[in-house]
Amino acid sequence: MEPILTAQNLRKTFTLSRKQQQMEKTNQKVKVAVDGLSFTANKGEIFGLLGPNGAGKTTTLRMLATLIRPDEGDATLDGISVVKDPDAVRSRVGFLTGELKLEDFFTPNYLFDFFSDLHGVSSATAAQRKAELFGKFGIDRFAEVKVGNLSTGMKQKVSLVISVVHDPDVIIFDEPTNGLDVLTAKVVTDFLLELRERGKTVILSTHIFSLVEKLCDRVGIIIDGRMVACDTLPAVCGGLSLEDRFFELYKDCKGEEA
Amino acid sequence: MKNILTIMKKELRRFFGDRRMLATLILPGLLIYVVYSLMGGALTDAVGGGGEDMEYRVLLHGSSDMISAVTLNSGVNITYYRCPDCTEEHDRDTAATGISEGSYHAYMVIPEGFDNAVMTYDPAGGLPAPEVKIYYNSSDADSSAAYSTLLALLNALESSMANRFDVNVSPDAGFDVATEEDLTGMLFSMLMPLLLIMLMFSSCMAMTAESIAGEKERGTIATLLITPIKRSELALGKIAALSVMSLLGGLCSFAGVLLALPKLMGGEELGAVDASIYTVGDYAMILCVILSTILVFVSLIATLSALASSVKEASTLISPLMLVVTVIGVSGMFSGGAAHLALFLIPVYNSVQCISGVFSMSYEPMQIILTVAANLVTAGVFVVVLTRLFNSERVMFKK
């Protein structure tokens, strides 16, 4: 197994406003979102980050995708540091999260070409990939419909396709099936499996146990910004179901019933 | 470079593909033309001069005890001058030069033996009444005021005497010595800077806020930020596209104002206000100034918009700026010209002074060069700031 992505001691804090302090009932001005997180993802595997809401999954992924900078620690992708050379990292990863929206005004067809240009994909390659991906996700019939007029599921599919216009080696997906109906969710998970078959590395975050059990080769469980377990699925579970094992870990960590 | 073009093309496509946005560009110019044309000469009277304590200097030829008594007792501060060596009446051109130079405000010619002639004049006799001639320059506010004051006094006197004399009735005598250039220059140099600056600012404002704060608000800018393009390319691409669009809007408004002003001043019949007195060179200068000013506006508004998390917040941030720009624009109406060269290094203020200078035909090329250079440097500084903001996660992902 060849490691492709290594996160070392990632730490990220956010400053809380007075209002946020009141809401969280705390006097601390700084909230630690990710606290010394380390893990490694290997080439050609699907790595899952599992954790409850607010555990720091999305923050971790945003740091890996160079959208935000870690306060401490670093992560390397193919040996390239996300802190020192974010531009080079960006051309090698695809990132999909609900936070990244597409402009309603444009059509999927135009946006695909636009982002291909920005990623420096040649127009011939872009056209070929567009035909293939649009066909696979059924976007071809809506290629000339403005994004604003598409259904939620179709929008998500277009976002997914746009996030991989440059055929990246590492694909980072934040809650990829959130808000999707079962049919669309299946299209997405099938696509993730297909990416793995083609030797790509997928990092995904989720709070859905079944998704991890179905897709992931290895899993890291994050609670309160810390990695409490990280290994292959059977090793993490140790004979229990993932769900039972998760609550056990949660109890150990918090010292109370979840 | 290629990325800058890609971003630029996207922005242009965004705006040109949207009919409503396009309309906001072109409408102001069109509206100005229509509204100003309809308003007609309403504004002519508003271009006033004089004032309570104004001393009117009037060069007098001939004499009349009657007129002297009336004007001197009226409470209006009129001082009569006599030209010591003149026995003959001045011709129109000499009068015009004197008024333009400001040595006196009006030149009044009273025919010889006026008082007697008036007394013995028989209105029923069919002969022309004795005539008082007053030369003045309507493009000079003070001269214009002097004329109206004199005319009002003399008209009052005339009616009290059963119309036994006339004022300025000779046809084609050209009592108004203002040239076409004088009048056009005055009107354009007063109104153009304010109008142009305001129109440019507003055409930049809507689009820039939409393009930067709007993209932040909708979360679409993050999608751009995870592509490998440089933040500086994003900043330059956006500013270039927004400037092209604002320039287009600015030019539409400029054309609207240019075509409408003669109508506004009711000058078309008189042939008094005519934009064709300016050369291609003059317009080229204006264009340079407009373009550099738009770059300043766009980069400045873009920077403020990047700080805002929504279009609404951006407008709130920009509105005080709008006020400042308006005040600077108004300053162009009262500027005497011949300002210190260093003043042309102040962005926006320099643009106002240049536009005013070009239209009043009193600019120096150095002023334009300094203005364009200062504006380009300012815009460059804001591009750097904007790039930094695009790099700052605290600014870009603030909720």
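Two strands are taken to pair if DSSP finds at least two bridges between them. In this predicted model, an open sheet of five strands in chain B follows the order β2-β1-β3-β4-β5, and its pairing is mixed. Its edge strands are β2 (78-82) and β5 (166-167) of chain B, each of which pairs on one side only.

Within the sheet, strand β3 (residues 106-109) of chain B runs antiparallel to strand β4 (residues 131-135) of chain B, and three bridges join them. Met108(B) has Ile134(B) as its bridge partner in β4(B). Helix α6 (residues 141-160) of chain B packs on the sheet, where it touches β1 (56-61), β3, β4 and β5 of chain B. The direction of this helix makes about 30° with that of β3(B).

Helix α6(B) has 20 residues and reaches 29 Å from its first C-alpha to its last, close to the 28 Å expected at 1.5 Å a residue. Its buried residues include Asp142(B), Ser143(B) and Ser144(B), as well as Ala146(B), Leu150(B), Leu154(B) and Leu157(B). The buried residues of α6(B) pack against β1, β3, β4 and β5 of chain B, and also against the helices α3 (65-73) and α4 (92-101) of chain B. Just after α6(B), Ala162(B) takes a positive phi of about 55°.

The largest nonpolar core has 150 residues, and those with the most contacts inside it are Ile172(A), Ile203(A) and Ile301(B). Helix α7 (residues 180-218) of chain B gives the largest share of this core, 18 residues. Leaving aside residues up to four places away in sequence, Ile301(B) touches Cys204(B), Met205(B), Thr208(B), Ala209(B) and Ile318(B). Apart from the largest core lies another, of 29 residues, with Leu59(B), Ile78(B), Ala146(B) and Leu150(B) among them. Ala146(B) and Leu150(B) are also buried residues of α6(B).

The contact between the chains takes 19 residues from chain A and 19 residues from chain B. On the side of chain A that touches chain B, the elements giving two or more residues are α3 (86-90) and α4 (108-118) of chain A. The largest share of that side, four residues, comes from α4(A). The table divides the residues of this side by class.

| Class, side of chain A that touches chain B | Number |
|---|---|
| Nonpolar | ten residues |
| Polar | two residues |
| Charged | seven residues |

Notes
Residues numbered from 1 in each chain as written. Chains lettered and ligands numbered in written order. Predicted model: local features only at pLDDT ≥ 70, side-chain atom pairs only at ≥ 80, totals over all residues. Core = buried A, V, L, I, M, F, W, Y, C linked by C-beta atoms within 7 Å. Buried ≥ 20, exposed ≤ 12 C-beta atoms within 10 Å, placed from the backbone. Contact = placed C-beta atoms within 7 Å. Axes fitted to C-alpha atoms, helices over the stretch in contact; angles between N-to-C directions. Nonpolar A, V, L, I, M, F, W, Y, C, P; charged D, E, K, R; others polar. Expected span 1.5 Å × (residues − 1).
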